[in-house]
Each structure stands twice: as C-alpha cells, then as structure tokens.
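Please read the following report alongside the sequence and the model, which are shown first. It takes up two loops, then several helices, and finally the pockets.

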Amino acid sequence: MDDATFTLSGIDLFGGLPGSDLEALAKLCRWRRYAPPDQIIGDQDETTDVFFIASGRVRATIYAASGKEVSFRDLGAGKSIGELSAVDGAPRSANVIALTNTVLASMSADIFRNVLRDHPDVSARMMAYLVDLVRKLSDRVVEYSVLAVRNRIHAELLRLAREQIDDGNIATLSPTPTHADIAGRVATHREAVTRELSVLAGSGLIERQPGALVITDVSRLERLVKEGFEE
C-alpha cells in the first residue's frame, strides 16, 4: 500500500499532535487492508507491534479450552490495539479479527516506546487509556460476581449504548449486535439473551430496526443496571 495516502490524524492517541509530527509518524508505520474475518493478532503470538485503526472495525476475543468464543470488545476508527505487548514484551492476550473492511497502520514496539518518550502528551493519553481499561475490567469482574444473567445483559447493552449514544437519551447500536455476540460478552448462552431482549422489546426499552438495535431510554437502562446491583 502507498503509505502517503494514509494519515494518523484521526487516531485518538495522537490527538493534539501537529500535522508535521503526524506525517512523520505515518511514514514510520506499515499500512495494510483487512477484510472480515481476517485475523490481525493471534492470542499468545509473540509479535509486539501496535496497530492504529484508520478505518473499519475490529473485535478482540479469546477461546476457552472448550472452544467457546468470549468477546471482549469491538473497536472502531481512531482506536489502537496491541499496546500491552508493545509495553511489556509479553505474548498477545487476545485474538483480534476484522469485523469490516479495515485499514490499519502498524508501528514497531521500539518506535512506539520512542514516541511515548518523545511526546509527553501521547504518553499521558496512553496512561489514561490504560487506567480506563483497568477500570472497565474491574467493573466486569464485579458484574460476574454479583449480577444475575439478565442483569449482566442489561449492563452489556448499557456499555454498547454509551459508545453509540445519540443526542439526548437514545442510542442506536449499528450494526446490530448478534445474540451470540452478547452471550459471549456476558458468559451465558444465546437463548438467555434472546429471552431477555424479547422482554426488553415488550417493555418498549429496545426497538429492532433494519441493521440496528435502538435503546429508546438509556437512563431507564441505567436504572435497571443499578437495580441489579441492589437485588
């Protein structure tokens, strides 16, 4: 691919850097296109590059010994993946696959660490990202420990809603998360998700539209999650 046709201007981690710095960093990257379901990173791989999502969407997952897929999160344009191995040199902790046609820029771990050293603003953003990741993982541990399955489904829908909230109190999840995807995220089976989504649809909290799932009242969903912790 012709590196000159791509830019890092939309990458969250590099927000605030002047155009000249972004252009210089882009030239230090290797650019590649992926199509679904191409694998970008393999669990336990010993590679250490960092990847920046210029366009498209990817998913991080692992597979249990039983073969069951457990999804962690989906990431879109502007996000980055692979930072942990770049920082500590340890093997990859998850698989990452392309969900849509995706363009990624990869940067070697050595160059990435130099960027963190030479650009304090990037380093600060990196620390904030890692803190946020720890907080979210801690939230999931608590949810698995204290919430019933239906409440975990509510919590996952709320997470997705907060990522795609519209103006006001409505969130449109597009593309529609599959029942299997949600089940994998909350450690249950697809049938449990199907039942609970039917209940939520019957109450008017969610609406199914072509290619999307609409959360009609995010505040109400927040209250359901809070009530789950109080049961």
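Pro-175 is found in the loop between strand E9 and helix H6, where helices (H or I, at least four residues) and strands (E, at least two) are DSSP runs numbered from the N terminus. This is a predicted model, in which local features need pLDDT of at least 70 and side-chain atom pairs count only at pLDDT 80 or more, whereas totals for chains, interfaces and linings use all residues. Residues are numbered from 1 along each chain as its sequence is written, and side-chain values use heavy atoms, with hydrogens and water left out.

**Backbone features in the loops**

The peptide bond that joins Ser-174 and Pro-175 is cis, with omega about 0 degrees. A cis peptide bond also runs from Pro-36 to Pro-37, with omega near 0 degrees, and Pro-37 is found in the loop between E1 and strand E2 (39-41). Two residues that are not glycine have a positive phi, and they are set out in the table with their places.

| Residue | Phi | Place |
|---|---|---|
| Gln-44 | near 75 degrees | loop between E2 and strand E3 (50-55) |
| Ala-187 | about 60 degrees | loop between H6 and H7 |

Ala-187 is partly exposed, with a relative accessible area of 47%; here buried means under 20% relative accessible area, exposed over 50%, and partly exposed in between (1.4 Å probe, protein chains only).

**Helices H1 and H3**

Helix H1 (residues 19-27) has Leu-22, Leu-25 and Ala-26 as its buried residues. Seen down the axis of H1, these residues fall within an arc of 100 degrees, so they line one face of the helix; the arc is that of the directions from the helix axis to the C-beta atoms. On the face turned away from this buried side, H1 carries the exposed residues Ser-20 and Lys-27. The cover over the buried residues of H1 includes strand E1 (30-34), strand E8 (102-107) and helix H3 (109-118), with contact meaning heavy atoms within 4.5 Å.

In H3, the buried residues are Ala-109, Phe-112, Val-115 and Leu-116. They cover an arc of only 120 degrees around the axis, which puts them on the same side of H3. Asp-110 and Arg-117 are exposed on the face of H3 turned away from its buried side, while the buried residues of H3 pack against H1, E3, H2, E8 and H4.

**Helix H5 and two single residues**

Helix H5 (residues 149-163) has 15 residues, which at 1.5 Å a residue should span 21 Å, and its end C-alpha atoms are 22 Å apart, which agrees; the expected span is 1.5 Å times one less than the number of residues. Among the buried residues of H5 are Arg-152, His-154, Glu-156 and Leu-160. The buried residues of H5 pack against helix H4 (120-146), strand E9 (171-173), helix H6 (179-186), helix H7 (190-202), strand E11 (212-215) and helix H8 (218-230).

Is Ser-85 buried or exposed? Ser-85, whose place is in helix H2, is buried, with a relative accessible area of 5%. Leaving aside its neighbours within four places in sequence, Ser-85 is in contact with Thr-47, Thr-48, Ala-90, Pro-91 and Arg-92. Thr-194, found in helix H7, is partly exposed, with a relative accessible area of 31%. The C-alpha atoms of Thr-194 and Ala-26 are separated by 44 Å, the two residues being 168 residues apart along the chain.

**Pockets**

Rolling a probe the size of a water molecule over the atoms shows where empty space is left. On a 1 Å grid over the protein atoms alone, where a 1.4 Å probe is used, a pocket is an open set of points with protein on both sides within 12 Å along at least five of seven lines, and lining residues have an atom within 4 Å of a point.

The largest pocket has a volume of about 1300 Å³. It is lined by 43 residues, of which Arg-73, Leu-75, Tyr-129, Leu-133 and Lys-136 lie nearest its centre. H4 gives the most to this lining, with ten residues.

The second largest pocket has a volume of about 170 Å³. Its lining includes Arg-57, Asp-74, Leu-160, Ser-174, Pro-175 and Arg-185, and the elements that give two or more residues to this lining are E4 and H6.

Methods: Points joined across faces, edges and corners; volume = space filled by probe spheres on them.
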